Amino acid sequence: MSLKLTLKKKPTVPVEAESICPDKMEGLGLRDIAALPVHHGNETTTVGDFFKVTGKSNGEIRLEGDTSRFKMVGAAMSKGRILIKGSVGQHVGVAMSGGEIVVTKNADNWVGPEMSGGRIIVKGNAGHMVGCAYRGGQVGVTGGEIIVHGNAGNETGNTMRDGLIAIGGNSGDFTGVGMLAGTVIVLGEMGQRTGAAMKRGTIVSMEDAEMLPTFTYACSYRPNFLRLYLCHLRDLGLPIKDSWIGGSYHRWSGDSIELNRGEALIFDR
Amino acid sequence: MRIKSTEIVDTFAEAFEMWGTRMIITADAPEWADAAARSLTGFATSVIGCKCEAGVERVLSPDETPDGRPGASVLLFAFDPDGVANRLVERIGQCVMTCPTTACFNGLEAKKNVVVGGKLRYFGDGYQIGKRLDGTRFWRIPVMDGEFVVTDRFGVQAAVGGGNILISGASSAACLSAAKAATAAMREVPGVILPFPGGVVRSGSKVGSKYKELPASSNQAYCPTLRGFVPQTNVAKGVGCVLEIVIDGLDLKAVEEAMQRGLHAAVKPGIKQISAGNYGGDLGKYHIGLHGLVGGKVA
């Protein structure tokens, strides 16, 4: 039986809810969990002020109700599972290193910033800055997976260094901007300036994309490694077509204003 | 003990501890996966002469491989983990990376791992790309048909080498027929290979030789032509041919199960005796008794 947090009062302003994390709730009784602090505007309140806490802590936390104003859920999470039955606010899974977060609807901006492990699955759409470094940071995601079934906003994978980000729909502008390594796969269309200033790493799209002039076309070929990723994403429930798994991709190298060791692989129709 | 007209000799196979690994070789088409697997497992019959023993465990369908392509599962054994690692680097580098469209993945989850792709990557001369997916690191090495994908590390585990049965028959034809049936039955067992050509060896050996430089030499006790000449023979009256099947496995149970199945399958008309090779029990860690196998005893 998992721990169940049912929303009883919708906050008037966003709540910073770093306490909602298996690491912080492990071993606590229901009363202690309800007493954990959350920040509502300029007030320090408690989990119990907003949620009815029931069930038993077994490593999984279930959030029910409209939690779209709850920020930083699963912050620094290293284990366990959070199931958010609805939408969630910004910074979900920030700096997480393990475990799994599943959002059944949408996630606001900054999904999994600077995460190093674990998996975040968003069944709906995600906002801007999926899997990014914070402003001023040198390195974004260094491991783990972010799987968005719907669309994502701008700067997906900004300065990521390892790991996997997959977007089932479209991504906005600057997909993979400043990437250091890692893999971003977009099943839909990408916005403008894909891969700008990327040093290394891989950006994949199943739709045509306009590449920057600082990218150089190499060839159309069948990247065997991509089969591993696409089979993996299919196992995770993304609608991967057979033609994508066995197909050819146009390879572009870039960004030549940087190391030029990055690549964009665009599905060859 | 007899099964039908065949005598099962009350003896044991003396098997040794080795270290083993499993590779999954894939390619765009089954024939290329097969070509790479055959090349990799060539000249790998005896660890003494070839530094390793290797063979194809089985053919894999696309839904059984990591990248969804046709493939082959290959086992390789050597004396120690370093020996496995060195042979993998040599053989994957020379026999799989060279073969069009192939990729090579670790097929053994084990506590101990050895670096393989992490060494082969240098063939990429700086253009190689490392990736990590779901906790597994692999390398993309640029080659002339695209990229060669190889896992960074391969699992190795303590294994068993040198399980065997000896089939003695009246004629070569009878022995070959029995050996063919036995090898087919043994290959059904997961986790084993039969490293010799067609799974069968005719040049059974003993340790040492009258010639000092040779570590092994022909086992005259099993040579039918010497039956009337050597001081001690294991060739029964009426036997004109002896064939051996050697089995290497990832664990003792797999080797025993393969021996058990092979032993029963080899009981055919014209087969006088089924025995096993040993060194008196002083050299090998594992003693696999034939009568125990007939009675259904498996580890």
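**Reading helix faces and a surface patch in chain B**

Modeller: At 35% relative accessibility, Y279(B) is classed as partly exposed. This is a predicted model, and Y279(B) sits in the loop between β16 and β17 (286-289) of chain B.

Colleague: Which residues form a nonpolar patch on the surface with Y279(B)?

Modeller: V207(B) and L283(B) join Y279(B) in that patch, and together the three have about 290 Å² of accessible area.

Colleague: How should one read the sides of a helix, and which residues of α1(B) are buried?

Modeller: As a general idea, an α-helix has 3.6 residues a turn, so residues three or four places apart point the same way. In helix α1 (residues 30-40) of chain B, the buried residues are A33(B), A36(B), A37(B) and L40(B). They line one face of the helix, because they fall within an arc of 95° when seen down the axis of α1(B). E31(B) and R38(B), on the other side of α1(B), are exposed.

Colleague: What do the buried residues of α1(B) pack against?

Modeller: They pack against β3 (12-26), β4 (53-60), β5 (71-78) and α3 (81-96) of chain B.

Colleague: How many residues does helix α5 of chain B have, and what span does it reach?

Modeller: Helix α5 (residues 172-186) has 15 residues and reaches 20 Å from first to last C-alpha, close to the expected 21 Å. Its buried residues include A174(B), C175(B), A178(B) and M186(B). The buried set covers an arc of only 155° around the axis, which puts these residues on the same side of α5(B). The face turned away from that buried side carries the exposed residues A173(B) and K180(B).

Colleague: What covers the buried residues of α5(B)?

Modeller: The cover includes β11 (153-169), β15 (241-249) and α6 (252-266) of chain B.

Key
Residues are numbered from 1 along each chain as its sequence is written. Chains are lettered from A and ligands numbered from 1 in the order in which they are written. This is a predicted model: local features need pLDDT of at least 70, side-chain atom pairs count only at pLDDT 80 or more; totals for chains, interfaces and linings use all residues. Side-chain values use heavy atoms; hydrogens and water are left out. Helices (H or I, at least four residues) and strands (E, at least two) are DSSP runs, numbered from the N terminus. The expected span of a helix is 1.5 Å times one less than its number of residues. Buried means under 20% relative accessible area, exposed over 50%, partly exposed in between (1.4 Å probe, protein chains only). The arc is that of the directions from the helix axis to the C-beta atoms. Contact means heavy atoms within 4.5 Å. Patches are made of residues with over 30% relative accessible area and no salt bridge: like charges are joined within 9 Å, nonpolar side chains (Val, Leu, Ile, Met, Phe, Trp, Tyr) within 5 Å. Accessible areas come from the Shrake-Rupley method with a 1.4 Å probe; for residues, only the protein chains shown count as cover. A salt bridge is a side-chain nitrogen of Lys or Arg within 4 Å of a carboxyl oxygen of Asp or Glu.
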